[in-house]
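Biologist: I would like a close look at the metal site of this protein, please. Could you walk me through it slowly, and then show me what else is worth finding on the way?

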Amino acid sequence: MKKLLYISIFILLTILTQVGGLLFIVALLIAKKSRLNALFLFLSLYSISTFVLIPHLASLLGREPVKHTEKIEATNYLTILLNRNYVQPKLNKLLHQTEQHLLNAPFKIKYLDASYPFINKFPLLPHLSHNDGKKIDISFIYEDAQGMVDDKKSRSGYGVFVSMKQGEYNQTKMCKSKGAFQYDYPKYLTLGSINEDLKFSQKATKQLIKALLKSKELGKLFIEPNLKKRLKLNDSRVRNHGCRAVRHDDHIHVQLR
Ligand SMILES: [Zn+2]
């Protein structure tokens, strides 16, 4: 029974944080020998790894945490705590270049899931493609009656979708009718809806996307087709992600060339 519990914890921590499962096993082994508390050991090991060891180790292997500036921040701090904030240096460069085009903009670049620190092809679930440090999701910009704000509409940053306007192409409906049952699964990943009064800022989100597209490092950008049309995005790198992915009317997906 205990073994089954440990295996479940190992799997869950590995899926959520990549390194957590392994550190959990190490903590159990040390606890057995030293009689120290396993939870205390795990939390200590995990914190030291996340904030001190992993950033160094990962950079030796080609990835680094997203660099924070006055204009670049995580939407939810859990992204950092769970080691889901690793990118190739080129992607940090792309974000930095984007920031330079937005210095006077009244909003920040808030990022969501990127990749884990180690191992190509190790997927950062539920995203299948975030497995090489070349991809990052970025939050839309919202506004209230006073103007643009940095707040978002869900705690995780995912899962609260921009309402469809009449006559717009509904890719969600089309994909689900073709059996892509996962297409709107982000609705289960909100961790709670917040700031219900905020509205999607078409103007600011377009300004953000235009700034992203100024970088030559950017290979593809995904946004739901109805929003691509609404925002009049004509750059050939703004692509349709198809039905195998999930809907992109709650965030922007950016990837390197
Ligand atoms: Zn993505």
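**The zinc site and its surroundings**

Modeller: Happily! Along the chain, the donors of the zinc ion follow the spacing H-x6-D-x115-H. Please keep in mind that this is a predicted model. The three protein donors are H130, through NE2, D137, through OD, and H253, through ND1, and they lie 2.0 to 2.2 Å from the zinc ion. Now find two of them on the strands: D137 belongs to strand 5 (residues 135–139) and H253 to strand 11 (residues 251–256), so this pair ties together parts that are 116 residues apart in sequence.

How accessible are these two donors? D137 has a relative accessibility of 0%, so D137 counts as buried. H253 is buried as well, with a relative accessible area of 3%. The cut-off for that word is under 20% relative accessible area.

Next, please look at S115, which touches the zinc donor H130. S115 sits in the loop between strand 4 (109–111) and strand 5. With a relative accessible area of 0%, S115 is buried. The side chain of S115 reaches the backbone nitrogen of G133 at 3.0 Å. Among the other residues that S115 touches are R63, N83, R84, Y86 and L124, and also N131, D132, K134 and K135.

Two residues in that list bring us to a charged pair. Side chains of opposite charge can pair when their charged atoms come close. Here the side chains of D132 and K135 meet in a salt bridge, at 2.9 Å from N to O. D132 is buried, its relative accessible area being 16%, and K135 is buried too, at 10%.

How many salt bridges does the structure hold? There are 11. One of them is formed by D235 and R237, whose closest N and O atoms are 3.0 Å apart. D235 is partly exposed, with a relative accessible area of 26%, while R237 is buried, at 18%. In another, the side chains of E64 and K67 meet at 3.4 Å, N to O. E64 has 16% relative accessibility and counts as buried, whereas K67 is exposed, with a relative accessible area of 52%. You can also look for E73, K108 and K110, which are linked in a network of salt bridges.

A positive charge can be found beside a ring, too. The charged end of R247 sits over the ring of F161, 3.7 Å from the ring's centre.

Let us return to strand 11, the home of the zinc donor H253, by way of E217. E217 is found in the loop between helix 7 (202–213) and strand 9 (218–222). Is E217 buried or exposed? With a relative accessible area of 12%, E217 is buried. The side chain of E217 makes a polar contact with the side chain of K93, at 3.2 Å. Leaving aside neighbours within four places in sequence, the contacts of E217 include Q255 and L256, together with K90, L94, Q97 and R257.

One of those contacts, Q97, gives us a handy step to another part of the model. L23 and Q97 are 74 residues apart in sequence, and their C-alpha atoms are 36 Å apart in space. L23 has its place in helix 2, and L23 is buried, with a relative accessible area of 14%. Apart from neighbours within four places in sequence, L23 is in contact with F42, L45, Y46 and S49.

Two of these, F42 and Y46, also belong to a ring cluster: ring pairs link them with Y6 and F24. The structure holds seven aromatic pairs. In one of them, Y6 and F24 meet edge-to-face, 5.8 Å from centre to centre and with 75° between the planes. Y6 lies in helix 1 (residues 2–17) and F24 in helix 2 (residues 20–34), so the pair ties together parts that are 18 residues apart in sequence. Y6 counts as partly exposed, at 30% relative accessibility, and F24 counts as buried, at 10%.

To finish, rotate the view back to the metal and pick out H130, D137 and H253 around the zinc ion once more.

Note on methods
Residues numbered from 1 in each chain as written. Predicted model: local features only at pLDDT ≥ 70, side-chain atom pairs only at ≥ 80, totals over all residues. Heavy atoms only, no water. Donors = N, O, S within 2.8 Å, 3.2 Å for Na, K, Ca; no water. Helix = DSSP H or I, 4+ residues; strand = E, 2+ residues; numbered from the N terminus. Buried < 20%, exposed > 50% of the residue type's maximum accessible area, 1.4 Å probe, protein only. Salt bridge = Lys/Arg side-chain N within 4 Å of Asp/Glu carboxyl O. Phe/Tyr/Trp six-rings, centres within 6.5 Å; stacked < 30°, edge-to-face > 60°. Lys NZ or Arg CZ within 6 Å of the ring centre and 35° of its normal. Polar contact = N/O pair within 3.5 Å; in protein donor to acceptor, adjacent residues only side chain to side chain. Contact = heavy atoms within 4.5 Å.
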